[in-house]
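The following paragraphs offer a guided reading of one protein model. The reader is invited to keep the sequence and the coordinates at hand throughout.

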Amino acid sequence: TLFLIGGVAMSGCSGSGAESSLIRNFFTASRLNDRATLGNIAMVGFDPQEDGTVGSFDVQNVTEEQRRPMRMRELAITVAQAQRDQQEFAGRMKAYQDENLDVIARVIEAERGNEDIARRDREVQEAWTTWREESQEHSRAVSAAESDLSTESAVAQVSAFDPNSAIDVQALEGELVTKEVTLEASVEQNGSSADRTLMITLQKVELSGPDGPIDGRWVISNIH
């Protein structure tokens, strides 16, 4: 069987039609550096310079689908709470700063010059040091919560993307579906060709949307 995708011939591809079609499009888009296509079907790329180009492949195995609940809504609540805590703390810190503005200015100036803190200013220095440390802790908490939410929702953002309907996937509940596809691929690089075994992770989301179920499309989330 010979498939022609985007002007590139790719033969010897077996496996289910949907899986093979997605994987063919992925390798072709990677070969052509087609970022628009890759952005719609994959979280990763297959760089021609570093990884080579796939001329043909055979699907050797496809695992059973694995499912787990998505945590986007839970993590979005965590982010919102961390942001509220940070804002509340920032207000209290600002009030303390305003009450001790002159002393804090002297403390900061002495610290920058690596000078001794005046005895009368040491109590404020200790307190201001604590305020600054706690401010950094709040910033780290917000950053960590946002990072967790971004990681959890990354596949959903691509899988459920609809150019005709904006969807806030982070506000939805549902499941993440995963399966692994093992390939035997002919990889061309630096003028030579070699057979390699590749494992591709396919994922999609199934969400409960405001207008009904959202069955996301499969995307390639990892390859090794």
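A residue counts as buried under 20% relative accessible area, as exposed over 50%, and as partly exposed in between. The model discussed here is a predicted one. With a relative accessible area of 47%, asparagine 33 is therefore partly exposed. Asparagine 33 belongs to the loop between H1 and H2. Although asparagine 33 is not a glycine, its phi is positive, at about 55 degrees. Most residues other than glycine have a negative phi.

Another asparagine deserves attention alongside it. Asparagine 190, in the loop between E5 and E6, has a positive phi of about 55 degrees and is not a glycine. Its relative accessible area is 76%, so asparagine 190 is exposed.

Next to asparagine 190 in the numbering stands glutamine 189, which has its place in strand E5. Because its relative accessibility is 27%, glutamine 189 counts as partly exposed. When neighbours within four places in sequence are left aside, glutamine 189 is in contact with Gln49, Glu50, Asp51 and Gly52. A separation of 34 Å lies between the C-alpha atoms of glutamine 189 and glutamate 152, which are 37 residues apart along the chain.

From these positions the account turns to the interior. The largest nonpolar core has 23 residues, of which Phe26, Phe27 and Leu183 touch the most other members. Two or more residues of this core come from each of helix H1 (17-32), helix H2 (35-41), strand E3 (53-62), strand E5 (174-189), strand E6 (192-209) and strand E8 (219-223). A second core, separate from this one, holds 17 residues, including Met70, Ala156, Leu172 and Leu176. As for leucine 183, its contacts beyond four places in sequence are Ile23, Phe27, Phe57, Asp58, Val59, Gln60, Arg196, Thr197, Leu198 and Ile200.

Helix H3 may be considered next. Helix H3 comprises 28 residues (residues 72-99), which at 1.5 Å a residue should span 40 Å; the C-alpha atoms at its ends are 41 Å apart, in agreement with that expectation. Buried in H3 are Met72, Leu75, Val79, Ala82, Phe89, Met93 and Tyr96. The cover over these buried residues includes helix H4 (101-112), helix H5 (122-159) and E6.

Alanine 82 provides a closer view of helix H3, in which it lies. Since its relative accessibility is 12%, alanine 82 counts as buried. Residues up to four places away in sequence being excluded, alanine 82 touches Ala141 and Val142. Alanine 82 and alanine 141 are 59 residues apart along the chain, yet their C-alpha atoms are separated by 6.5 Å.

The final topic is the packing of two helices. Two packed helices are described by the angle between their axes and the distance between the axes. For H4 and H5, the angle is about 80 degrees and the axes are 10 Å apart. H4 is therefore roughly perpendicular to H5, the range for that description being 65 to 115 degrees. On the H4 side, Val103, Ile104, Val107, Ile108 and Glu111 take part, and they meet Val124, Gln125, Trp128, Thr129 and Arg132 in H5. By class, the residues of this contact comprise 6 nonpolar, 2 polar and 2 charged.

Conventions. Residues numbered from 1 in each chain as written. Predicted model: local features only at pLDDT ≥ 70, side-chain atom pairs only at ≥ 80, totals over all residues. Heavy atoms only, no water. Core = buried A, V, L, I, M, F, W, Y, C linked by side-chain atoms within 4.5 Å. Buried < 20%, exposed > 50% of the residue type's maximum accessible area, 1.4 Å probe, protein only. Helix = DSSP H or I, 4+ residues; strand = E, 2+ residues; numbered from the N terminus. Contact = heavy atoms within 4.5 Å. Expected span 1.5 Å × (residues − 1). Axes fitted to C-alpha atoms, helices over the stretch in contact; angles between N-to-C directions. Parallel < 35°, antiparallel > 145°, perpendicular 65-115°, else oblique. Nonpolar A, V, L, I, M, F, W, Y, C, P; charged D, E, K, R; others polar.
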